[in-house]
Amino acid sequence: MRKVEKNDKGFSLVEVLIVILIMTIITSLALISYSVVSSARISNAGKNLQSVISEARTQSMAKGTNAGKLTLTMENGNLYAQVGDVATASKEEISSGRMQIYYVTNDYSSTTGLQISDGDVLEISFNTDGTVRKIDDTGAAINVPTNFLFENSSRRMQVVLYLETGKCRTGLY
């Protein structure tokens, strides 16, 4: 009689399949978590901008046009806002990196525009009645950013500023 040797080296097919299943579940959860965090970042950026625009409008109505001047600057991939005099106003972070930010001037319908890059400065001023200033002190027309788009690979958040009222709205799409 021959003696049958038992081979205990390696893993069985069932063990390998169980490990692959567990790895697939963990990877899926990680991707879902990343997507949720990414969407939250985009949403927060839009809401932060909407809040700062509202604050600037309120300051203009209460204290005059210069008190509510909104200055947006891009530095190291982060968007910052200052309400009032740039020399004395504190910077508030609107968004941190890992997203592209676009704007369109005086056009509500367009969703493509100029990308905001490091060093760019955008200004929005409000009249004392809360409407957006479209003409400067010399009578020249001002190109006002009316449409902002925060975007990453999977989400977009749009902030629309209405010139006639000074109010804005946000929406994910």
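# Reading the core, sheet and salt bridges

Modeller: This is a predicted model. Its largest nonpolar core has 29 residues, and Leu70, Phe148 and Phe150 have the most contacts inside that core.

Biologist: Which elements each supply at least two residues of this core?

Modeller: A core is read by asking which helices and strands feed it. Here the helix α1 (13-63) does so, together with the strands β1 (70-75), β2 (78-83), β4 (100-105), β6 (121-124), β7 (145-151) and β8 (156-161). The largest share comes from α1, with six residues.

Biologist: In what order do the four strands of the open sheet lie?

Modeller: A sheet is read by its pairings, strand by strand. The order is β3-β2-β1-β6, with antiparallel pairing. At the edges stand β3 and β6, each of which pairs on one side only. On average, neighbouring strands of the sheet are turned by 25° against each other, direction ignored.

Biologist: How many bridges join β1 to β6?

Modeller: Four bridges join these two antiparallel strands. As for single positions, Leu70 stands opposite Ile124 in β6. Leu70 is also one of the residues with the most contacts inside the largest core.

Biologist: Which strands does α1 lie across?

Modeller: Helix packing is read from the strands crossed and from an angle. The helix α1 lies across β1, β2 and β3, and runs at about 135° to β3.

Biologist: Is Ser95, in strand β3, buried or exposed?

Modeller: Burial is read from relative accessible area, with a cut-off of under 20% for buried. Ser95 counts as buried because its relative accessibility is 3%. Ser95 belongs to β3, which covers residues 92-95.

Biologist: What is Ser95 in contact with, leaving aside its neighbours within four places in sequence?

Modeller: The contacts of Ser95 beyond those neighbours are Ala45, Asn78, Leu79, Ile101 and Phe150. Phe150 is among the residues with the most contacts inside the largest core.

Biologist: How many salt bridges does the structure hold?

Modeller: A salt bridge is read from the distance between nitrogen and oxygen, with a limit of 4 Å. The structure holds three. In one of them, Lys69 pairs with Glu123, and their closest N and O atoms are 3.4 Å apart. Lys69 lies in the loop between α1 and β1 and Glu123 lies in strand β6, so this pair ties together parts that are 54 residues apart in sequence. Lys69 is partly exposed, at a relative accessible area of 23%, and Glu123 is partly exposed at 42%.

Biologist: Which parts does the pair of Lys91 and Glu75 tie together?

Modeller: The side chains of Lys91 and Glu75 meet at 2.5 Å, N to O. Lys91 is in the loop between β2 and β3, and Glu75 is in strand β1, so the pair ties together parts 16 residues apart in sequence. Lys91 has a relative accessible area of 44%, which means partly exposed. Glu75 is likewise partly exposed, at 33%.

Biologist: Which side chain meets Glu151 in a salt bridge?

Modeller: That side chain is Arg156, at 2.4 Å, N to O. With a relative accessibility of 12%, Glu151 counts as buried, whereas Arg156 counts as partly exposed at 31%.

Biologist: How far apart in space are Asp136 and Glu151?

Modeller: Separation in sequence and separation in space are read as two quantities. Asp136 and Glu151 are 15 residues apart in sequence and 31 Å apart in space, C-alpha to C-alpha. Asp136 is located in the loop between β6 and β7. Its relative accessible area of 30% means that Asp136 is partly exposed.

Terms used: Residues are numbered from 1 along each chain as its sequence is written. This is a predicted model: local features need pLDDT of at least 70, side-chain atom pairs count only at pLDDT 80 or more; totals for chains, interfaces and linings use all residues. Side-chain values use heavy atoms; hydrogens and water are left out. A nonpolar core is a set of buried Ala, Val, Leu, Ile, Met, Phe, Trp, Tyr and Cys residues joined through side-chain atoms within 4.5 Å. Buried means under 20% relative accessible area, exposed over 50%, partly exposed in between (1.4 Å probe, protein chains only). Contact means heavy atoms within 4.5 Å. Two strands pair if DSSP finds at least two bridges between them. Axes are lines fitted to C-alpha atoms, for helices over the stretch in contact, and angles run from 0 to 180 degrees between N-to-C directions.
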